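Student: Hi, could you walk me through a model I just opened? I'd like the overall picture before the details.

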Amino acid sequence: IDKATLHRLQSIISNWKNALVTPEAARQLATNEHEALAAHAYLSYEATLKAYQAMDFDDLIGLPVKLFSEHPEIAEKWQNRLRYLLIDEYQDTNACQYQLLKLLTGVRAQFTAVGDDDQSIYAFRGANIGNMQELLRDFHVENVIKLEQNYRSHGNILDAANALISNNRKRL
């Protein structure tokens with residue numbers, strides 16, 4: 001397999017992990033030969049990680065989500081320990097990160113999320129701008145503060161940026 005194919009497979013597997021899709025589910029979801037190859041590689045990759053008692057970067061969030069989901073008493077222990085959370089660059093969170101937020105905050109839901117829906121740039125890595133709208137729906141959001149004054153750019157730059165931003169369909 002050439003390097004470009006390996007990079008594509010790595011990206012697909014990472015996106016599956018960040019969407020909380022298991023290797024078994026990935027096999028079911030595969031709709032073409034390339035995705036079937038990625039699902040097979042994902043299954044083999046996870047077996048290798050397990051054999052070496054290792055994890056990858058995506059597991060740093062995925063495994064706590066799995067742990068907290070399967071053991072609510074452990075999630076509650078962390079909820080009591082981490083009373084307040086600050087999430088920066090919230091517009092670039094993925095499904096796994098959003099699930100971790102929900103599991104860590106629990107019923108108290110004491111957190112501050114900072115993000116700008118017009119600056120979401122990581123959809124190619126699984127970021128979901130819809131998480132901003134889900135946040136408003138899933139939690140009792142007491143306060144939304146919009147910072148709309150730009151102190152760094154002027155005139156033509158702001159006009160061009162605002163012209164582009166006005167086309168964004170998923171704005172809050």
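Student: How many positive and negative side chains does the protein chain have, and how far apart do the centres of the two sets lie?

Tutor: The protein chain has 18 positive and 22 negative side chains, with the centres of the two sets 2 Å apart. Lys and Arg count as positive and Asp and Glu as negative, while His and the chain ends are not counted. The place of a charge is NZ of Lys, CZ of Arg, CG of Asp or CD of Glu.

Student: Anything I should keep in mind about the model itself?

Tutor: This is a predicted model, where local features need pLDDT of at least 70, side-chain atom pairs count only at pLDDT 80 or more, and totals for chains, interfaces and linings use all residues. Residues are numbered from 1 along each chain as its sequence is written, and side-chain values use heavy atoms, leaving out hydrogens and water.

Student: Thanks! What does the secondary structure come to?

Tutor: Eight helices and two strands, in the order α-α-α-α-α-β-α-β-α-α along the sequence. Helices (H or I, at least four residues) and strands (E, at least two) are DSSP runs, numbered from the N terminus.

Student: And what box do the C-alpha atoms fill?

Tutor: Roughly 55 × 45 × 25 Å, taken along the principal axes. Buried residues make up 26% of the 172 residues; buried means under 20% relative accessible area, exposed over 50%, and partly exposed in between (1.4 Å probe, protein chains only).

Student: Which residues form the largest nonpolar core?

Tutor: That core has nine residues: Ile-87, Tyr-90, Tyr-98, Leu-101, Phe-111, Ile-129, Met-132, Leu-135 and Phe-139. Helix H6 (95–105) and helix H7 (130–138) each supply at least two of them. A nonpolar core here is a set of buried Ala, Val, Leu, Ile, Met, Phe, Trp, Tyr and Cys residues joined through side-chain atoms within 4.5 Å. Apart from the largest core lies another, of eight residues, among them Leu-9, Trp-16, Val-21 and Tyr-42.

Student: What is Leu-101 in contact with?

Tutor: Leaving aside neighbours within four places in sequence, Leu-101 contacts Leu-85, Ile-87, Tyr-90, Phe-111, Leu-135 and Phe-139. Contact means heavy atoms within 4.5 Å.

Student: Sticking with H6, which of its residues are buried?

Tutor: Cys-96, Tyr-98, Leu-100, Leu-101, Leu-103, Leu-104 and Thr-105. Their cover includes helix H1 (3–18), H4, helix H5 (72–81), E1, E2 and H7.

Student: What happens at the start of H6?

Tutor: A side-chain oxygen of Asn-94 comes to within 3.0 Å of the backbone nitrogen of Cys-96. Just after H6, Gly-106 takes a positive phi of about 60 degrees.

Student: Which residues have a positive phi without being a glycine?

Tutor: Glu-89, at about 55 degrees, and Ala-109, at about 45 degrees, are two to look at. Most residues other than glycine have a negative phi. Glu-89 is in the loop between E1 and H6, and Ala-109 is in the loop between H6 and strand E2 (111–113). Glu-89 counts as partly exposed because its relative accessibility is 44%; Ala-109 is also partly exposed, at 25%.

Student: New topic: is Thr-93 buried or exposed?

Tutor: Thr-93 counts as buried because its relative accessibility is 8%. Thr-93 sits in the loop between strand E1 (85–87) and H6. Its side chain makes a polar contact with the side chain of Asn-131 (2.9 Å). A polar contact is a pair of N or O atoms within 3.5 Å; within protein, one must be able to donate a hydrogen and the other to accept it, and residues adjacent in sequence count only if both atoms are side-chain atoms.

Student: What about Asp-56, where does it lie?

Tutor: Asp-56 lies in the loop between H3 and helix H4 (59–70). Asp-56 counts as buried because its relative accessible area is 14%. A polar contact of 2.8 Å joins its side chain to that of Tyr-45, and the Asp-56 side chain also reaches the backbone nitrogen of Asp-59 at 3.0 Å.

Student: Last one: where is Ala-38, and what does it touch?

Tutor: Ala-38 is in helix H3 (residues 33–51) and is buried, with a relative accessible area of 0%. Not counting residues up to four places away in sequence, Ala-38 touches Leu-9, Ile-12, Ile-13 and Trp-16.
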